[in-house]
Each structure stands twice: as C-alpha cells, then as structure tokens.
Amino acid sequence: MPRIEPATTPLTEPFWDATRNNQLSAQQCGSCSSFVWYPRERCPKCLSDDLTWTNLAGEGTIYSFNIMRKPGNPMMADMVPYVIALVDLDEGLRMTTNIVNAEPESLECGQRVAVDWSVELEDGRRLPTFHPA
Amino acid sequence: MANSLRGAAAIVGAVDAVSATGKLDRTVAQLEVDMISAALDDAGLTIADVDCVMSNNGMMASLDLAERMGVQGRFTDSTMTGGSSFEVYVEHAAAAISAGLCEVAVIVYAATPRSGTNPFASGGPARDPGSPMMMWDLPYGSGLPAAGYSLAARRHMHQYGTTSEQLAQIAVSFREWASMNKNAYSQDIITIEDVLSSTKVAEPLHKLDCCLVTDGAGALVVTSAERARDLAKPGAFILGAGTAHSHGMCVSQMPDVTTTAYSVCGPQAMNMAQITHNDVDVVELYDSFTITALLTLEDLGFCKKGEGGEFVADGRLGPGGALPTNTNGGGLSYTHPGMYGMFVLVEAVRQLRGECGERQVNNVDIALANGCGGLLSCTSTIVLGTEATL
C-alpha cells in the first residue's frame, strides 16, 4: 500500500520501534504529567525536557473525520475512498489517522475506535490506524 | 487602546491582475515588478519613494525583489504565514510607518499555478521530511487542503447541526457577486443543488465548496496617513489590525477545529478601530472553502458560534443582502492562486474608493479584510476606512 513513508529521527525512533510490536506509545511529561502528541523535544505544556515514552491503551473516540474521494496525493489514487480522522485517545491526545476496516458512510463523530495495525510500512514499521471498537 | 495603530497609515495603491481565463501570460518575476509599477502609478508615487519591500516568494524574498527593483530599504519583511501573509504585511507596515521605521512600503504577490505548476496536483509543496506535517499527517493521505478543512466542516455539522445546504449557500452568494465581475474565473450563476451535485472531494466538502486554482497577482502601497492625504486618489486608512495563530500545519494540534484564531485577532482589530459590527459596510474574507467563510463570520462575531449556517442561509452575503461579503466573487469564484489574502485587500480598497462598477456597494466607509493561512492556522484582520472615519 503506497504512502508517504514517515521519516524516522532519533527523537521518534522509540515510537516507531514500538509499532513493530503493535504497541502505540507517546511521550509523557514527568513535570506536568501531560501526554504529548506528536513527539517533541520538550513538553508543549510546560517546556520540561523530562519526557518518557509510555505505552497507550490504543482506544479513543472519533473527534472528526472525512471521506477522501480525491486522493491527498497521487500515490494514494488507488485507495479512494479512504477516511482521515482526528481521534481523541483516552489518555488525552488527539492524533491524525485513518479509520480502516469500516464502511466510511457508517462512521460518526463520537464513535469509539481502537488502534489497528494492518498498515505495514516498507521497512517493517507499522502506521497506527484505527477501526470501530 | 495604548499604542494603537488607528489612522496612522493608509493603503494608497491597490492593483491586481486576474483573468477570466484563469491564466496570465507572464512569468511570476515579470508579474511582481509589473504589479509594483502599477500600484505605484495607482498611488501617484514612484519607486524612488519606496523604502520597504514586503514579499515571501522564496528565500530572502523581500531582499531579492528589492534588489531587482533597485530599492535599498530601511525596513523589510519576508514573513510567511500562507494566505494571511498580506494582511500581516499591512499590519507590520502600519506599525513600522507609525514608529517612523519606514515611510512607503510595497507589498506584492504573484503565482501562476494554472498556467505553470500546481503544487497541489502532486500532493502539496515540497516539505522537509522531518517536518511534523510530513511525519504525522501526510502519511495518512492528507495532502489536499480540503482534507483538513473537511474535518472542520464535519465537526461543525456534528456539534451545531450545520448542513451542506447552508455551506452551499455561501458559494451561491459569492457566485452572484462574481457574475458582476468580468475578470472572475467563474461567472455563471449557480444553485445550492449545483453545489451539492458537484463532485465530492473530501466529504462533506464538494468541488464547489472548494476554491479555484488560477493564476493571479497583486500589489499594495502603504504609507503614512499624512502623506496619503496629499495623493490624488483617496486612501484606505488602516483603522485596526490583528493577527493570531492557533497551530502550525498539523490540524490535530488545533485545539478546537470549529474555532479559528479570528476569535482573537478579529476583536483586537475591531477594538483598535473603535467600531462595532453594525459599522461594517463590506466584508472581504478568505474563502478557501465554504467552511472557512462560515467559521470566519462566526469568529469575527457577526453571529454566535454555531449559528453561522443559519446566518448565511438567507443569502445575506450576496448582492442586496444585509452583509455584502466577497464582492469580487472570492476565492471560490474570482481567483485563488494559492495565497488569496492579497485579493481580499485589493477588493476592500476598491470598495472604499467606489471603483467597483456594477458590484459596488453603496456608501462604503468601513471594510473588513481578513486573511487565513495554513490549515486554519494563522488569521489576520485589517479594518480599513475612508478619510471620513478617522
């Protein structure tokens, strides 16, 4: 499945390594306890650099979603229609993702979803997507 | 308000180049200097008067452009906030002129995505692979601007009951204005049904909910209010200005996708101008999508949050309506070369000067110009008024 393959940086390596084991993770701030998404050099709430990778439950709620009828880039032309969503994770993070293994027209804001590891990247990392819970 | 910019400076030259074909038969570099030359003629000034150039077309854009025109500036600005850059430039020019840092600023924009290369056809402009958007959003296929804006539209519908028909009415009203603009790319009257039956791009947005992709160029000249009064054409005096941003290019980082930073910069600009909503004669706003226009009107306070759908449904934004908005046809019907904010300002000045012919609104004393850049990221509001409003 062709996609823009996300670059790995020293900062984000722990996140991607965990995806190889189907584990969703995020940084948590040791100073203010906030979870941080996307990975940062310092906590965006308090600017502390005391950030620790923490496993997430992988469950959340659809905040909003669309149905892409026109591909966001030419390499995804074969994938339409696909769903881009903003998912609110139970730990208090909001991430951009895809909703997969679902009928797009059946989705609703507020619907519960769980992490889905069916999208494998070329180098064995997995891109976290979500499916209806 | 302390340190107010109210009445310190004015836009005294405003021109654009837009064709009903959507194409301009000139290079970007040619258009830039042609627009500056035309804007100076419009202002009754010469290049020798210019001591500041503002542009963001490339690395060190304002310096390179000044060099090409032989300008040695004493203030400069290459700020890049996407489509709101030109409102930001007007704000910065007014502040710099007010502080005595420069006297005559020229602001320019040119792009030819229709006759040249449209960056969005290949998934958007080239970006640093290590940028947050490239790492955390684009792998999910969000390369089209409509991807992010459709998320705002869907959430607004969910939270407030806004309908596709209400959003469509915005496109219908702006098209009515465009039908009176011979340079508009789309001039044929459309119906709500036309919008709803147009191709679905990123649901809930249809093709006619989305802006055009056309060539276009424009330039503005800003100088002190004192100098503006001596010029042949009436100045558009800068009464208020505000800029705010809620996030960068990752829509997941926007705290509430139904509320833009206009809720911050709009009140700031209007307070500085010492005006209320009833004083506004015409609104020019950045309609990258119908939802952008709706959120802008709500966040500027023309109606309550969540009531935008109902607010626009009676056609009040169109000709003869209570709140004439996007009188050139907007980014949906006039032109949209990628950063539409220039054309918002040019049309506001033309309405204040009474230059708009068939689409001229009667007795325009106050015009609001609103730019929005990124993915609902950075907004900027400029309040312009005739000399009588000072």
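Which residue is the bridge partner of A:Met68 in β5(B)? In this predicted model, that partner is B:Ala202. Let's follow the strand pairing from there and then step back to the rest of the contact between the two chains.

The pairing of A:Met68 belongs to a join between strand β5 of chain A, residues 67-68, and β5(B), made by two bridges with the strands running antiparallel. Here are the facing residues:

| Residue in chain A | Residue opposite or bridged in β5(B) |
|---|---|
| A:Ile67 | B:Glu203 |
| A:Met68 | B:Ala202 |

This join is part of an open sheet of three strands, ordered β5(A)-β5(B)-β6(B), with antiparallel pairing. The edges are taken by β5 of chain A and by β6 (205-206) of chain B; each has a single partner strand, so one side of each is left without a neighbour in the sheet. A helix joins the picture too: α5(B) lies across β5 of chain A together with β5 and β6 of chain B, and runs at about 55° to β5(B).

Now for the contact as a whole. Chain B brings 30 residues to it and chain A brings 32 residues. On the side of chain B that touches chain A, the elements giving two or more residues are α4 (132-136), α5 (145-160) and β5 (200-203) of chain B. Of these, α5(B) gives the most, with six residues. By type, that side of chain B divides into 16 nonpolar, nine polar and five charged residues.

So two elements of chain B come up twice in this tour: α5(B) lies across the strands and gives the most residues to the side touching chain A, while β5(B) pairs with β5 of chain A and is listed among the contributing elements.

Notes: Residues are numbered from 1 along each chain as its sequence is written. Chains are lettered from A and ligands numbered from 1 in the order in which they are written. This is a predicted model: local features need pLDDT of at least 70, side-chain atom pairs count only at pLDDT 80 or more; totals for chains, interfaces and linings use all residues. Two residues are in contact if their C-beta atoms, placed from the backbone, lie within 7 Å. Helices (H or I, at least four residues) and strands (E, at least two) are DSSP runs, numbered from the N terminus. Ala, Val, Leu, Ile, Met, Phe, Trp, Tyr, Cys and Pro count as nonpolar, Asp, Glu, Lys and Arg as charged, and the others, Gly among them, as polar. Two strands pair if DSSP finds at least two bridges between them. Axes are lines fitted to C-alpha atoms, for helices over the stretch in contact, and angles run from 0 to 180 degrees between N-to-C directions.
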